[in-house]
Each structure stands twice: as C-alpha cells, then as structure tokens.
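Visitor: Please take me through one part of this model closely. I would like to follow a single helix and the elements it packs against, with some context for the rest of the chain.

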Amino acid sequence: MELTSVLGTAIGLVTVYLVLALSITAANEGMAAFLSSRGRWLRKGVLSLLSPAGAPGGLTDWARSLRSDPKGQPDELVDLTYASPFIAHLGKGPLGHGFTPSSIPGWTLLQGTLDAAATRAAGADAVRGQVFDTLASIESAARQLPEGSPLRTAVLNLAAQCNGSVTLFRQRFEAWFSEFETQLVAWYRQKTQWVVMALSVALVAVANVDTVSIVRQLSADPKVRAEVVRQGLEMAKASNASELLDTGARDRARSAYESARENEAAVLRSAASGTAASAPPSRPASAPLSSASAAQLTQDAMNQWTAEARKVEQQALERLRTLDTSGLRFGWADGEWAALWAQGWLAGLLKVLGLALSATAISLGAPFWFDVLKNLTAARQASISLSAGTPKKAG
C-alpha cells in the first residue's frame with residue numbers, strides 16, 4: 001500500500017475516534033449538568049472538611065476519607081451549611097430548585113459553615129444568617145465545629161496567627177481553601193475519567209465500533225477512505241478541538257445565568273434587610289428590581305443556558321450523522337456475534353480486541369485526537385508535496 005493510502009487510513013481512523021470522542025464529551029457534560037455531579041462532588045468535599053476522619057493529616061487524609069466515604073460523618077451539619085442563607089440561594093440548577101451548587105467561594109462556605117455550627121449549638125433559639133465579621137465571632141463559632149475536623153483546625157490556627165486582623169485572616173483562609181479546592185478538582189477529574197471510559201465502552205458496544213473492522217474498511221474501499229479523509233481534513237482546519245463543538249454561546253449563557261442568580265440573591269438579601277436593591281445594568285436605575293422580577297430573570301437565563309446546551313448536543317449528533325454517511329459500517333448485524341465465534345475463537349478474540357481498542361482510544365478525549373489529526377494532516381501534505389516533486393524514471 002502506498003504511503004498516501006496508509007496516511008489516509010490513519011487519518012480516517014483518527015477522524016472516527018475524534019468524532020466519537022466529541023459525542024462522549026457532549027454526553028458527559030450533559031450528564032454532569034443533569035445530575036449536578038460537580039455539586040455532589042463538592043458536597044463530598046465539604047463533608048470531608050467537617051469530618052474528624054481527615055485530621056490532622058491534611059489533603060492526603062482528606063482524599064482518603066473522600067474516596068472511602070466513611071460512615072458517621074456529620075451529615076446534619078453539612079445539611080445545615082447548605083441550608084444557610086449564605087449558600088441556599090446557590091442551589092438552583094438548570095432543571096429547577098434543589099440542585100447542589102457546583103461552586104462555592106471559600107469565604108461564603110466559611111460563613112455558611114459557621115452559621116450552621118452556631119445554629120446547631122443554639123438549638124431552637126437559633127437565628128440564621130448572622131455574619132461572622134470579627135475574629136472573636138469566627139473563633140467562637142469554629143469551636144462548635146466537630147473536634148479534630150480539618151476546617152476547625154485550620155480556622156483556629158489561622159485566627160491565632162492574624163493578630164486580630166479579619167482582613168489578613170480572610171486572605172489566608174481563602175488561600176488555604178484554594179489549595180483544597182485545587183485538589184478537589186483533581187479528584188473530580190479522576191472520577192470524570194472513569195465516567196468517560198464507561199460512556200466510551202457503552203457507545204462502542206452499542207454501535208459496534210470495531211477498530212480492526214474500521215481499518216479493514218478504510219484499507220479496502222478507496223471511496224469510503226476518501227470521504228472520511230475529507231471530513232477529517234475539514235475538521236483539522238480548526239485551531240483547536242473546542243472549535244469543533246461551538247460551546248461559546250453555552251458558556252456565555254451559563255455565565256449570564258450565574259450572574260442572574262447572584263443578582264437574585266442580592267435582591268432577596270436586600271428585601272430581608274429592608275434596603276433597596278440596586279438594579280442590574282440592563283435596567284434603568286429608577287426601576288427597582290422586585291424579588292419576582294429577579295426570579296424571572298434567573299429563570300429566563302436558566303432557560304437560555306439549557307437551550308444552548310442542547311445546541312451543543314445537536315452539533316455532536318450532526319457530526320455523528322455526517323460520519324455515518326461516509327459508508328463506514330457501524331452497528332450489529334443479525335447473528336454477527338454467533339457467526340464470529342463459529343469461525344473460531346481467534347475471530348471472536350479479534351472482535352473483542354477491536355472493541356477494546358476503540359473504547360480505550362475514544363476515552364483519551366477529543367483534544368488528544370485533534371492533535372494527532374493535525375500531525376497526520378501535515379504528514380499527508382508533506383507526502384503529497386514530495387510525490388509531486390519527484391521526477392519519474394524513464395523507461
């Protein structure tokens with residue numbers, strides 16, 4: 001087989017991997033939003049901060065307690081934290097109320113946790129929403145946290161180092177929480193990789209995406225190979241993998257939703273304190289924003305975010321449909337598996353190997369395969385240029 005044909009087969013295979021990886025990315029992000037998985041993972045992180053099981057070994061022990069999810073952790077205190085006025089308004093997701101917030105600023109989380117600890121200590125006489133703005137009030141509430149919990153230990157140690165300065169304490173606490181948050185994100189990515197692998201296996205099994213079979217089709221059928229290569233070369237014109245799925249509008253819609261949610265929370269706090277809330281820039285300053293209007297703006301922003309997320313999913317589906325028109329054969333034929341084993345165990349083993357290769361390859365992600373496609377495209381162009389410049393031998 002000529003070099004250009006070999007490169008064409010490689011480009012075709014990588015194009016298949018790339019398109020399927022894009023569909024897995026869209027599906028994973030959709031599931032994450034639907035299930036609020038980031039929020040659930042953050043809640044586990046908060047649980048580990050309030051659990052004595054993680055102290056005093058720092059992030060390593062927190063990771064161990066987070067993964068093993070030991071029994072006896074202070075779930076009640078976590079529930080009170082999330083129900084505090086500092087955090088409760090963040091728990092509205094793209095499908096309505098009741099979702100766990102996927103991101104909580106460190107200082108906000110501290111205020112909510114201290115409020116929860118003070119509430120539990122005060123019992124029925126507790127007044128929710130008190131602000132802890134002095135080191136004395138912060139230390140007093142922190143002592144109500146579980147003995148030996150990482151958060152209690154950190155707050156009391158940091159407070160003792162700040163000589164009564166709340167500003168300095170806040171700076172150091174936010175730096176401390178940022179370190180924990182960075183590690184929490186790393187744990188979440190590890191977990192997400194397993195989800196991506198599971199989705200890849202499911203897609204490969206359902207659609208019969210067999211690497212061995214794909215290579216055979218691309219090698220044997222020049223028309224199919226040419227069409228898949230054409231699609232791959234078009235995709236390689238993008239500057240990066242993110243351009244292949246236009247997520248810009250979705251990301252902007254999500255930012256707008258988060259801004260609207262924060263504005264609604266400000267309006268609710270202002271209404272509770274009896275002060276006038278400032279109108280957002282899109283409204284005249286003379287038109288005060290009511291709680292109902294703020295809630296409607298949040299709902300509208302949430303609907304827009306959901307609509308843009310669906311458009312991203314449609315983009316991924318359209319790329320799958322385009323690949324399907326190339327002539328490559330996907331899906332299971334009637335009796336295919338039984339026919340394979342009838343040919344002998346080697347044929348069945350080869351099929352399993354082909355499916356396993358596909359699942360592993362797709363799980364590597366779209367950015368990886370986009371870079372490979374770029375390199376193969378450059379190699380193909382160099383090969384064509386070299387062939388065009390080589391004079392033919394006489395005779």
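**Helix α8 and its surroundings**

Guide: Val-185 is a convenient place to start, since the residue sits in helix α8. The model is a predicted one. With a relative accessible area of 37%, Val-185 is partly exposed, because that value falls between the 20% limit for buried and the 50% limit for exposed. Trp-41 is 144 residues away from Val-185 in sequence, yet their C-alpha atoms are 9.0 Å apart in space.

Helix α8 covers residues 166-207, and helix α14 covers residues 345-363. Their axes come within 8 Å and cross at roughly 140 degrees. α8 and α14 are therefore oblique to each other, and the crossing is right-handed. On the α8 side the contact uses Gln-193, Val-196, Met-197, Ser-200, Val-201 and Val-204, while α14 supplies Leu-355, Ser-358, Ala-359, Thr-360, Ile-362 and Ser-363. Sorted by class, this contact of α8 with α14 holds seven nonpolar residues, five polar ones and no charged ones.

A second partner of α8 is helix α7, residues 150-160. Here the axes come within 10 Å, at a crossing angle of roughly 145 degrees. The crossing of α7 and α8 is again described as right-handed. From α7, the residues in contact are Pro-150, Leu-151, Ala-154, Val-155, Leu-158 and Ala-159; from α8 they are Phe-169, Arg-172, Phe-173 and Trp-176. Nine residues of the contact between α7 and α8 are nonpolar, none is polar and one is charged.

Leu-151 of α7 also leads to another helix, through Thr-113. Thr-113 lies in helix α5, which spans residues 106-122. Leaving aside residues up to four places away in sequence, Thr-113 touches Leu-50, Thr-81, Leu-145 and Leu-151. The relative accessible area of Thr-113 is 1%, so this residue is buried.

Thr-81, one of the residues touched by Thr-113, belongs to the contact that helix α4 makes with α5. Helix α4 consists of residues 75-82, and packs with α5 at an angle of about 120 degrees, their axes being 8 Å apart. The two helices are therefore oblique to each other, and α4 passes α5 in a right-handed crossing. Glu-76, Leu-77, Leu-80 and Thr-81 of α4 meet Leu-109, Gly-112, Thr-113, Ala-116, Ala-117 and Arg-120 of α5. The classes in the contact of α4 with α5 are five nonpolar, three polar and two charged.

Now the chain as a whole. The protein chain has 15 helices and two strands. It comprises 395 residues, of which 41% count as buried. Among contacts between residues at least 6 apart in sequence, 76% join residues at least 24 apart.

Confidence varies along the chain. The average pLDDT is 78, and 79% of the residues score at least 70. Over residues 94-98 the pLDDT stays under 50, and the model gives this stretch ten contacts beyond four places in sequence. Residues 276-287 likewise have a pLDDT below 50, with eleven contacts in the model beyond near neighbours in sequence. Where pLDDT is low, the predicted coordinates should not be read in detail.

Conventions. Residues numbered from 1 in each chain as written. Predicted model: local features only at pLDDT ≥ 70, side-chain atom pairs only at ≥ 80, totals over all residues. Heavy atoms only, no water. Axes fitted to C-alpha atoms, helices over the stretch in contact; angles between N-to-C directions. Helix = DSSP H or I, 4+ residues; strand = E, 2+ residues; numbered from the N terminus. Parallel < 35°, antiparallel > 145°, perpendicular 65-115°, else oblique. Left-handed = near helix turned anticlockwise from the far one by under 90°. Contact = heavy atoms within 4.5 Å. Nonpolar A, V, L, I, M, F, W, Y, C, P; charged D, E, K, R; others polar. Buried < 20%, exposed > 50% of the residue type's maximum accessible area, 1.4 Å probe, protein only. pLDDT = per-residue confidence, 0-100.
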